[in-house]
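Trainee: Could we go through this structure together? I would like to begin with the strands and then move to the helices.

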Amino acid sequence: METMGWLIIFIVLIVIELLTMGLTTIWFAGGALAALLMSVLGFGMPVQVVVFIIVSVLLLVLTRPIAVKYFNQNRQKTNVESLIGQQALVLEDVDTLHASGQVKVNGQIWSAKTEEMSGFIAKDTVVMIQGIQGVKLIVKAKED
């Protein structure tokens, strides 16, 4: 009966993973498979549960970073994150201390600031977009 339970858990976790493709349940499916093997080999329920937990955690900790790195390798950046690394033109002096400044990138006007608290970039300067904080772009003057 325990073997059937682990088999059902394994199948359910695999189906969930196939439906979501989010690398969320595959690690636990591996743990369920290991527990299923322990059940087939005749080990008791406490050993099966411990093996399930240990294998699931090990798979999660050891293989997830590698899988995530290669799984979404060709993912296209969308919307705002695609702005990072692009050039922009300062339309209004960027003065982080006074919370003012605007830049134009891809035909859109954005509020901007620098990483430094007292940062200042003059109008008509070309800047690189370093990041995004809330609704403001974090910019740095482009070095020639």
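Mentor: Certainly. Please keep in mind that this is a predicted model. S2 and S3 pair in the antiparallel sense, with four bridges between them.

Trainee: Which residue stands opposite lysine 104 in that pair?

Mentor: Lysine 104 of S2 stands opposite isoleucine 109 in S3.

Trainee: And how many residues lie between the strands in the hairpin of S2 and S3?

Mentor: There are two residues between the strands of that hairpin, and asparagine 106 takes a positive phi near 50° there. Asparagine 106 is not a glycine. Its place is the loop between strand S2 (100–105) and strand S3 (108–113).

Trainee: Is asparagine 106 buried or exposed?

Mentor: Asparagine 106 has a relative accessibility of 57%, so it counts as exposed, the cut-off being over 50%.

Trainee: What about S1 and S2, in which sense do they pair?

Mentor: S1 and S2 pair in the antiparallel sense over four bridges. Valine 90 stands opposite valine 103 in S2. The two strands form a hairpin with four residues between them, and alanine 99 in its turn has a positive phi of about 55°.

Trainee: Which way do the side chains of S2 point?

Mentor: They alternate along S2. Gly101, Val103 and Val105 point to one face and are buried, whereas Ser100, Gln102 and Lys104 point to the other face and are not buried.

Trainee: Why would they alternate?

Mentor: Because side chains in a regular strand alternate between the two faces of the sheet.

Trainee: Moving on to the largest nonpolar core, which residues touch the most other members?

Mentor: The core has 13 residues, and those touching the most other members are Val94, Val103, Val105, Val127, Ile129, Leu137 and Val139. Strand S1 (87–95), S2, S3, S5 and strand S6 (136–141) each supply at least two residues of this core. The largest share, three residues, comes from S1.

Trainee: Is there another core, and what is in it?

Mentor: Another core, of seven residues, lies apart from that one; among its members are Leu13, Ala29, Ala35 and Phe52.

Trainee: Back to Leu137, what is leucine 137 in contact with?

Mentor: Leaving aside neighbours within four places in sequence, the contacts of leucine 137 include Leu83, Val103, Val105, Trp110, Ile129 and Ile132.

Trainee: Now the helices. How many aromatic pairs does the structure hold?

Mentor: It holds one aromatic pair. The ring centres of tryptophan 6 and phenylalanine 52 are 5.3 Å apart and their planes are at 35°, so the pair is tilted.

Trainee: Where do those two residues lie?

Mentor: Tryptophan 6 lies in helix H1 (residues 2–20) and phenylalanine 52 in helix H3 (residues 45–71), so the pair ties together parts that are 46 residues apart in sequence. Tryptophan 6 has a relative accessible area of 8%, and it is therefore buried, the cut-off being under 20%.

Trainee: What about H2, which of its residues are buried?

Mentor: The buried residues in H2 include Trp27, Ala29, Gly31, Leu36 and Met38. At 1.5 Å a residue, the 15 residues of helix H2 (residues 26–40) should span 21 Å, and the end C-alpha atoms are 21 Å apart, which agrees. Just after H2, glycine 42 takes a positive phi of about 95°.

Trainee: One last point, where is aspartate 124?

Mentor: Aspartate 124 is in the loop between strand S4 (120–121) and strand S5 (126–133). Although it is not a glycine, aspartate 124 has a positive phi of about 70°. Its relative accessibility is 55%, so aspartate 124 counts as exposed.

Notes
Residues are numbered from 1 along each chain as its sequence is written. This is a predicted model: local features need pLDDT of at least 70, side-chain atom pairs count only at pLDDT 80 or more; totals for chains, interfaces and linings use all residues. Side-chain values use heavy atoms; hydrogens and water are left out. Rings of Phe, Tyr and Trp (its six-membered ring) pair if their centres lie within 6.5 Å; planes under 30 degrees apart count as stacked, over 60 as edge-to-face and the rest as tilted. Buried means under 20% relative accessible area, exposed over 50%, partly exposed in between (1.4 Å probe, protein chains only). The expected span of a helix is 1.5 Å times one less than its number of residues. A nonpolar core is a set of buried Ala, Val, Leu, Ile, Met, Phe, Trp, Tyr and Cys residues joined through side-chain atoms within 4.5 Å. Contact means heavy atoms within 4.5 Å. Two strands pair if DSSP finds at least two bridges between them.
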